[in-house]
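I'm opening a page for this one and jotting things down as I look them up. Sheet first, then core, ligands, odd backbone spots and confidence.

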Amino acid sequence: MSRKWYADGLHFSCQQCGKCCTGEPGYVWVTKEELREIAEFLKISEKQLRAKYTHRAGWRISLTESANGDCAFLADEKCTIYPVRPAQYRNWPFWNLNLENQSAWNRAAQRCCGINKGEFYSFEKIEEERRLTTKNTKVKKRNPRWAPQSRRNAIGDP
Ligand code: SF4
Ligand code: SF4
């Protein structure tokens with residue numbers, strides 16, 4: 001197997017700039033398991049969580065956003081459910097899309113100021129994150145609005 005371009009590892013530490021939690025309309029996919037975790041974290045029932053903070057988008061569930069495009073869980077430019085944020089975010093930026101080649105990574109870095117900063121991820125760790133993303137999200141490209149503007153709609157599909 002040929003050596004991957006990120007074989008020597010990469011750096012990433014979220015700067016919590018909130019940029020990926022706002023912007024053009026998009027989707028934050030959540031699984032049933034994630035909804036359970038978020039409800040527990042917020043100390044509300046799953047029913048309340050679903051009614052107040054989610055909506056159906058086809059066969060999936062997405063977090064709701066405000067009229068200005070902010071995710072419902074964004075406050076003071078920070079994620080208020082950070083420890084239990086959906087997998088779509090947890091494994092960012094180690095998505096197949098961004099790891100395809102160095103240019104794809106550089107493009108992602110233009111949108112996300114945490115890329116190439118802070119914590120070092122070894123090749124093995126990157127591969128683990130990448131596998132988790134694919135396994136957890138099972139996201140397929142379905143909506144062209146998921147274009148590079150924010151992580152929700154832009155950071156794109158894993
Ligand atoms: S754009 Fe990057 S640095 Fe900013 S909140 Fe999102 S992941 Fe973190
Ligand atoms: S759930 Fe995702 S989009 Fe919403 S505030 Fe948290 S990190 Fe941002």
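**Hairpin.** I started at alanine 57 and looked for its bridge partner in S4, which turned out to be arginine 60. The two strands here are S3, covering residues 54–57, and S4, covering residues 60–63; they run antiparallel and are joined by 4 bridges. At the other end of the pairing, threonine 54 sits opposite leucine 63 in S4. I checked the turn as well: the hairpin has 2 residues between the strands, and glycine 58 takes a positive phi near 65° there. All of this is read off a predicted model, so I'm keeping that in mind for every entry on this page.

**Rest of the sheet.** Which strands make up the sheet, and in what order? I get an open sheet of 3 strands, S2-S4-S3, with antiparallel pairing. S2 (29–30) and S3 are at the edges with a single partner strand each, so each has one side without a neighbour in the sheet. S2 is held to S4 by 2 bridges, again antiparallel. I noted the opposite numbers: tryptophan 29 faces serine 62 in S4, and valine 30 faces isoleucine 61 in S4. A reminder to myself for reading side chains here: in a regular strand they alternate between the two faces of the sheet.

**Core.** Next I pulled up the largest nonpolar core, which has 22 residues. Val28, Leu63 and Cys71 have the most contacts inside it. Strand S1 (10–12) and S2 are the elements that give two or more residues to this core. Since leucine 63 had already come up opposite threonine 54, I listed what it touches. Leaving out residues up to four places away in sequence, leucine 63 contacts Val28, Val30, Tyr53, Thr54, Cys71, Ala72 and Phe73.

**Ligand 1.** How many residues are around ligand 1, and which come nearest? There are 12, and the nearest are Cys14, Cys17, Cys20, Cys112 and Gly114. I sorted the shell by class and got 6 nonpolar, 4 polar and 2 charged residues.

**Ligand 2.** Ligand 2 also has 12 residues around it, with Cys21, Cys71, Phe73, Leu74 and Cys79 closest. The class split for ligand 2 is 10 nonpolar, no polar and 2 charged. I flagged Cys71, which is in this list and is also one of the residues with the most contacts inside the core.

**Odd backbone spots.** I went looking for unusual torsions and kept three.

- The peptide bond from tryptophan 92 to proline 93 is cis, with omega near 5°. Proline 93 lies in the loop between helix H3 (87–90) and helix H4 (96–99).
- Glutamine 16 isn't a glycine, yet its phi is positive, near 50°. It belongs to the loop between S1 and S2. Is glutamine 16 exposed or partly exposed? I count it as partly exposed because it has 14 C-beta neighbours inside 10 Å.
- Glutamate 77 has a positive phi too, about 65°, and is not a glycine either. I found it in the loop between strand S5 (74–75) and strand S6 (78–79). Glutamate 77 counts as exposed because it has 12 C-beta neighbours inside 10 Å.

**Whole chain.** Zooming out, I tallied 6 helices and 7 strands in the protein chain. Along the sequence the pattern reads β-β-α-α-β-β-β-β-α-α-α-β-α. The chain has 158 residues, and buried ones make up 30% of them. I also looked at contact range: of the contacts between residues at least 6 apart in sequence, 72% join residues at least 24 apart.

**Confidence.** The protein chain averages a pLDDT of 83, and 84% of the residues score at least 70. Where does pLDDT stay under 50? One stretch is residues 138–151, for which the model has 36 contacts beyond four places in sequence. Another is residues 153–158, where pLDDT also stays under 50 and the model has 35 such contacts.

Terms used. Residues are numbered from 1 along each chain as its sequence is written. Chains are lettered from A and ligands numbered from 1 in the order in which they are written. This is a predicted model: local features need pLDDT of at least 70, side-chain atom pairs count only at pLDDT 80 or more; totals for chains, interfaces and linings use all residues. A residue is near a molecule or strand if its C-beta atom, placed from the backbone, lies within 6 Å of it. Ala, Val, Leu, Ile, Met, Phe, Trp, Tyr, Cys and Pro count as nonpolar, Asp, Glu, Lys and Arg as charged, and the others, Gly among them, as polar. Two strands pair if DSSP finds at least two bridges between them. A nonpolar core is a set of buried Ala, Val, Leu, Ile, Met, Phe, Trp, Tyr and Cys residues joined through C-beta atoms within 7 Å. A residue is buried if 20 or more other C-beta atoms lie within 10 Å of its own, exposed if 12 or fewer, and partly exposed in between; C-beta atoms are placed from the backbone. Two residues are in contact if their C-beta atoms, placed from the backbone, lie within 7 Å. pLDDT is the predictor's confidence in each residue, from 0 to 100.
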